[in-house]
Structure formats: C-alpha cells, structure tokens
Amino acid sequence: MGKTVCYALKQWPYLERYVEDGDYPIDNNRVERKTWLFADTQRGANASATLFSIMLSCRANGVDPYAYLRHVLMELPQREEGCDVSDLLPCSNTIVQ
C-alpha cells in the first residue's frame with residue numbers, strides 16, 4: 001500500500017495539470033494500444049491471442065465483451081473441474097446479449 005501511495009504522490013503534479021487544462025486527454029489509449037503489439041514471452045503472446053480471440057468472438061456474436069467476461073469469470077469458479085463449459089462461449093444462446 002505504501003508503494004501505491006508513494007507512486008500516487010509522485011504523479012500528483014501531472015494530475016493537477018490535467019485538472020487545470022481541459023485540453024489534456026484523460027487517457028493514453030493511443031500509447032496503451034501499441035503495447036498490445038509486443039509480447040515479452042511466448043506465454044504472453046498466447047495469452048494476448050486468446051484474449052483477442054474472445055473479444056472478437058463477442059463482437060461477432062453481438063455480445064458486450066465486458067459483460068461477457070464478468071459473467072464468465074463469476075460463473076467458472078462455481079463449476080466443477082472438467083465440466084462442459086460450452087454454454088459459456090460467446091456464441092451460446094444462454095449468454096445474455
């Protein structure tokens with residue numbers, strides 16, 4: 001917690017600038033998007049590819065990605081290991097659109 005507070009205090013001048021000048025963007029999405037182009041490890045690349053695949057499957061099936069992930073991440077821990085999870089796929093008729 002101490003590291004987090006220390007980091008926040010060091011960022012305070014930048015936050016003040018943002019509040020004082022409405023021309024500053026609230027996010028850095030342009031920079032953040034580019035970080036997805038690089039993966040430090042094979043496992044990281046596989047994880048990114050899996051996430052992209054899930055998000056694009058949601059889009060193709062008209063499912064809100066955030067709501068989908070929230071639903072799946074709350075549902076999976078309640079399931080027994082090795083059980084059928086096909087009803088949790090974005091193309092499933094049981095997923096609320």
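**Exercise 1. Count the helices and strands of the protein chain, then give its pattern along the sequence.**

Solution.
- The protein chain has four helices and zero strands.
- The model is a predicted one.
- In sequence order, the pattern reads α-α-α-α.

**Exercise 2. What share of the 97 residues in the protein chain is buried?**

Solution.
- Take the cut-off: buried means under 20% relative accessible area.
- Of the 97 residues, 9% are buried.

**Exercise 3. Compare the reach of helix H3 with its expected span.**

Solution.
- H3 covers residues 42-60, which is 19 residues.
- The expected span is 1.5 Å times one less than the number of residues.
- At 1.5 Å a residue, 27 Å is expected for H3.
- From first C-alpha to last, H3 reaches 27 Å, close to that expectation.
- After H3 comes glycine 62, with a positive phi near 70°.

**Exercise 4. Which residues make the nonpolar surface patch, and where does valine 5 lie?**

Solution.
- Met1, Val5 and Leu9 make the patch, about 370 Å² in area.
- Valine 5 sits in helix H1.
- Its relative accessible area is 45%, so valine 5 is partly exposed.
- Patch residues need over 30% relative accessible area; valine 5, at 45%, meets that cut-off.

**Exercise 5. Which residues gather in the patch of negative charge, and is aspartate 21 buried or partly exposed?**

Solution.
- Glu16, Glu20, Asp21 and Asp23 gather in this surface patch.
- Aspartate 21 belongs to the loop between helix H1 (2-20) and helix H2 (29-35).
- Its relative accessible area is 32%, so aspartate 21 is partly exposed.
- The value of 32% is over the 30% needed for a patch.

Terms used. Residues are numbered from 1 along each chain as its sequence is written. This is a predicted model: local features need pLDDT of at least 70, side-chain atom pairs count only at pLDDT 80 or more; totals for chains, interfaces and linings use all residues. Side-chain values use heavy atoms; hydrogens and water are left out. Patches are made of residues with over 30% relative accessible area and no salt bridge: like charges are joined within 9 Å, nonpolar side chains (Val, Leu, Ile, Met, Phe, Trp, Tyr) within 5 Å. Accessible areas come from the Shrake-Rupley method with a 1.4 Å probe; for residues, only the protein chains shown count as cover. A salt bridge is a side-chain nitrogen of Lys or Arg within 4 Å of a carboxyl oxygen of Asp or Glu. Lys and Arg count as positive and Asp and Glu as negative; His and the chain ends are not counted. The place of a charge is taken as NZ of Lys, CZ of Arg, CG of Asp or CD of Glu. Helices (H or I, at least four residues) and strands (E, at least two) are DSSP runs, numbered from the N terminus. Buried means under 20% relative accessible area, exposed over 50%, partly exposed in between (1.4 Å probe, protein chains only).
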